[in-house]
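Here is a short note on the model you sent round. Please read it with the structure open.

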Amino acid sequence: MDKFFFVSLLGLLLAAHGVLGSMMCDNIAMLQELESLDIEEENEVELSEIPSWKSERGGKVLVNVDSFGAAGNGESDDTEAFRKAWNVSCSTPKSVFLVPQGRIYLINATKFIGPCAGNIIIQIDGKVVAPDEPKNWDPKLPRVWLVFSKLDKAVFQGSGVIDGSGTKWWAASCKKNKSNPCKGAPTALTIDSSSGIKVKGITIQNSQQMHFTISRSNSVRIYGVKVSSPGDSPNTDGIHISESTNVVIQDSKIGTGDDCISIVNASKNIKMKRIFCGPGHGVSIGSLGKDNSTGIVSKVILDTAVFKDTTNGVRIKTWQGGAGYVRGVRFQNVKVENVSNPILIDQFYCDSPSSCQNQTSAVEISEIMYQNISGTTKSAKAIKFDCSDTFPCSNLVLSNVNLEKLDGTVETYCHSAQGFGYGVVHPSAECLNSNDQISQIKASITQDIIYHTEL
């Protein structure tokens, strides 16, 4: 059914019943806002048609890392050759920073800093690998490997691979061995303080910790990227978005040991489209609010995704004691296959070796829509809304949700959660309803909708 027709029909039926007053009118307005929420996919067509350097060689200046002494044998340190090539490429208008195919480049932790003279293209066709020994990592750059910052209208593309050589880092994690100290590890690829960025086609794998971070950036388009690491590799988030706006991720396949995509504080206007996730921990907003911090995320859309053999499907996770809000989120057109927690809000998140103290303040969660979500769950609690006692989740909307457990029944768990469902919602979300009169009227309205749509 056309969504605008549905919302209009729902409004007319509510008016006809005439008993819900301002509360249900507010729900109608909120539904209209969530249904119409969208984030412009600007340059989507242009991104898919960006030419490689080969086809536009005549109009560009090619800067090949091999010309600056890179050995490309996977054993010699090519860091200095990459730095020299970058300095030339960044200072040259219309240049292509080329990592050629068929070669392997060993690179230590490095920052590639702009602004550059023109619209630079970073063409990665070869393989870039990190040193595999944590003990030899540069202590001045403990949390990063390859960082690109202060760029404008840069393009990252190619058929190459960025490999973090993370095996020894994973083994040293406290999540692998509780006797190990809990400490951070490098992110493989970081784009920071940049705008108008396009990333197409590259593969990022086996990161030491997070694979690909977008931080403090605006207008980033990611297309056809592959992220890969084993399902038991700790804290290896696929794509991590922080303090960024207007980010679109599409047609990407992500399999990791942590969140396929994670969105954290000060991020807004984020759209994910045609995403495959598995293995991993699903798509998460958060965690937010750790150490009594403020976390704000708004206007997030996931449209068309498949989760296979993941811990979670769509998740919002916040620590006790935080502040801020998550609002204006729509998860739609999602298929789950053998997923432990297909729909989850966890406001008691505690990723800590020790127990977390109970606190009353919390990041507020409201205006979250789950639409057209179906498939199989490993957990009897297919839908779980575990919300703060002080700041209950509000305006949670479920529409056309159908989740089944292959070897048993399913249920919805609600704690301090308010909202409603319409259309098919299985398992039932009646635990969201705190007012029996509203429940009865909604049931009557649903019957009216069925009758009108069958005419």
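The points below cover a cavity, one residue of its lining and a set of paired strands.

1. Basis. This is a predicted model, in which local features need pLDDT of at least 70 and side-chain atom pairs count only at pLDDT 80 or more, while totals for chains, interfaces and linings use all residues. Residues are numbered from 1 along each chain as its sequence is written, and side-chain values use heavy atoms, with hydrogens and water left out.

2. Second largest cavity. A cavity here is a set of points on a 1 Å grid over the protein atoms alone where a 1.4 Å probe fits but cannot get out; lining residues have an atom within 4 Å of a point. Volume is the space filled by probe spheres set on the points, which are joined across faces, edges and corners. Two cavities of 30 Å³ or more are counted, and the second largest has about 80 Å³.

3. Its lining. The lining comprises ten nonpolar residues, no polar and no charged (nonpolar: Ala, Val, Leu, Ile, Met, Phe, Trp, Tyr, Cys and Pro; charged: Asp, Glu, Lys and Arg; polar: the others, Gly among them). Among them are F82, F112, V128 and L146. Strands (DSSP runs of E, at least two residues, numbered from the N terminus) β3, β6 and β8 each supply at least two lining residues.

4. L146. This residue lies in β8 and is buried, at 5% relative accessible area (buried means under 20%, with a 1.4 Å probe and protein chains only). Beyond four places in sequence, L146 contacts (heavy atoms within 4.5 Å) residues including F112, V128 and I162.

5. Strand pairing. Pairing requires at least two DSSP bridges between two strands. β28 pairs in the parallel sense with β26 over nine bridges and with β30 over seven.

Technical notes:
1 Å grid on protein atoms, 1.4 Å probe; cavity = no way out; pocket = protein on both sides within 12 Å on 5 of 7 lines; lining within 4 Å. Helix = DSSP H or I, 4+ residues; strand = E, 2+ residues; numbered from the N terminus. Buried < 20%, exposed > 50% of the residue type's maximum accessible area, 1.4 Å probe, protein only.
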